[in-house]
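Thanks for coming. I'll go through one structure today, and I'll keep to what can be read from the coordinates.

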Amino acid sequence: RAAGYVSVGLDHFARPDDPLAQASEEGRLRRNFQGYTTDTAGTVIGLGASSIGTLPQGYVQNEIGVRAYMAKLAVGDLATNRGIRLGAEDCLRRDVIMRLMCGLEADLLALAAEHKMFSAADFTREIEEVDRMAKDGVVRRDGATIAVTKAGRPFVRSIAALFDSYLQRGAARHSRAPGSGLAAPCPR
């Protein structure tokens with residue numbers, strides 16, 4: 001900060017005239033598997049063993065082992081190992097997480113309306129957890145709007161994780177991706 005950098009998201013810093021800082025300031029910041037970005041592409045293709053790709057319909061992961069990855073490529077197959085198809089609720093949750101991770105705030109009612117989905121009342125379990133975290137000063141809740149506090153910025157990943165329905169509390173660190181194939185893109 002003394003050198004003129006500003007905080008961007010969870011753990012990035014940029015000069016105020018940098019496109020990343022400007023996107024953060026203007027609410028256009030995005031996040032993908034590489035970190036924070038100004039890129040708005042709905043598709044990111046992962047290249048290489050274990051890489052993860054993002055599509056409007058879901059996510060895919062390539063074979064984890066280099067030999068298995070190379071073997072699939074050698075016979076002209078796609079190197080994907082697994083994928084997850086996103087349903088309507090998944091798309092909403094992805095946007096809640098993106099807003100928290102990038103803008104440090106999410107209006108559950110507005111996002112539910114954008115997705116033409118259920119109300120914020122369907123986030124009862126998550127809101128109860130947010131309220132517990134609010135007692136520690138890391139997050140504020142005003143109705144259906146959740147805002148990460150300055151003190152809570154280092155914990156934004158944990159706050160956002162409350163809305164990840166695939167993340168089992170106390171279990172493995174990474175979500176398991178059942179099935180494969182792709183559904184229709186997230187509705188808007």
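**Helix α3 and its surroundings**

The buried residues of helix α3 are Asp90, Cys91, Leu92, Arg93, Asp95, Val96, Met98, Leu100, Met101 and Cys102. Please keep in mind that this is a predicted model.

Let me stay with that helix. It is α3, residues 88–103. With 16 residues at 1.5 Å a residue, α3 should span 22 Å, and its end C-alpha atoms are 22 Å apart, so the two agree.

Now the charges. Side chains of opposite charge can pair when their charged atoms come close. Within α3, Glu89 and Arg93 form a salt bridge, with N to O at 2.7 Å. Glu89 and Arg93 are four residues apart in the helix, about one turn. An α-helix has 3.6 residues a turn, so residues three or four places apart point the same way. Are the two ends of this pair buried or exposed? Arg93 is buried, at 7% relative accessible area, because the cut-off for buried is under 20%. Glu89 has 36% relative accessibility and therefore counts as partly exposed.

The other pair I want to show from α3 involves Arg99, which makes a salt bridge to Glu114, the closest N and O atoms being 3.5 Å apart. This pair links distant parts of the chain, since Arg99 is in α3 and Glu114 is in helix α4, 15 residues apart. Arg99 is partly exposed at 36% relative accessible area, and Glu114 is partly exposed at 32%.

Further along, in helix α5, Arg132 and Glu129 are three residues apart, about one turn of the helix. Their salt bridge has its closest N and O atoms 2.7 Å apart. Arg132 is partly exposed, with a relative accessible area of 47%, and Glu129 counts as partly exposed at 27%. Salt bridges that share partners also join Glu89, Arg93, Arg125 and Glu126 into one network. Over the whole structure, the search finds eight salt bridges.

Next, two backbone points. Which residue just after α3 takes a positive phi? That is Leu104, with a phi of about 60 degrees although it is not a glycine. Leu104 sits in the loop between α3 and β8, and is buried, with a relative accessible area of 14%. Lys116 also has a positive phi, near 55 degrees, and is likewise a residue other than glycine. Its place is the loop between α4 and α5. Lys116 is exposed, with a relative accessible area of 68%.

On to the sheet. Three strands form an open sheet in the order β5-β6-β7, with antiparallel pairing. β5 and β7 stand at the edges with a single partner strand each, so one side of each has no neighbour in the sheet. On average, neighbouring strands here are turned by 20 degrees against each other, direction ignored.

How many bridges join β5 to β6? There are four, between residues 52–55 and residues 58–62. Among the facing residues, Ile52 stands opposite Gln61, and Thr54 has Tyr59 as its bridge partner. The two strands form a hairpin with two residues between them. From β6 to β7, residues 80–85, there are five bridges, and Val60 stands opposite Gly83.

Last, the surface. Val66, Met70 and Leu73 form a nonpolar patch with about 280 Å² of accessible area together. Leu73 lies in helix α2 and, at 40% relative accessibility, counts as partly exposed.

Methods
Residues are numbered from 1 along each chain as its sequence is written. This is a predicted model: local features need pLDDT of at least 70, side-chain atom pairs count only at pLDDT 80 or more; totals for chains, interfaces and linings use all residues. Side-chain values use heavy atoms; hydrogens and water are left out. Two strands pair if DSSP finds at least two bridges between them. The expected span of a helix is 1.5 Å times one less than its number of residues. Buried means under 20% relative accessible area, exposed over 50%, partly exposed in between (1.4 Å probe, protein chains only). Axes are lines fitted to C-alpha atoms, for helices over the stretch in contact, and angles run from 0 to 180 degrees between N-to-C directions. Patches are made of residues with over 30% relative accessible area and no salt bridge: like charges are joined within 9 Å, nonpolar side chains (Val, Leu, Ile, Met, Phe, Trp, Tyr) within 5 Å. Accessible areas come from the Shrake-Rupley method with a 1.4 Å probe; for residues, only the protein chains shown count as cover. A salt bridge is a side-chain nitrogen of Lys or Arg within 4 Å of a carboxyl oxygen of Asp or Glu.
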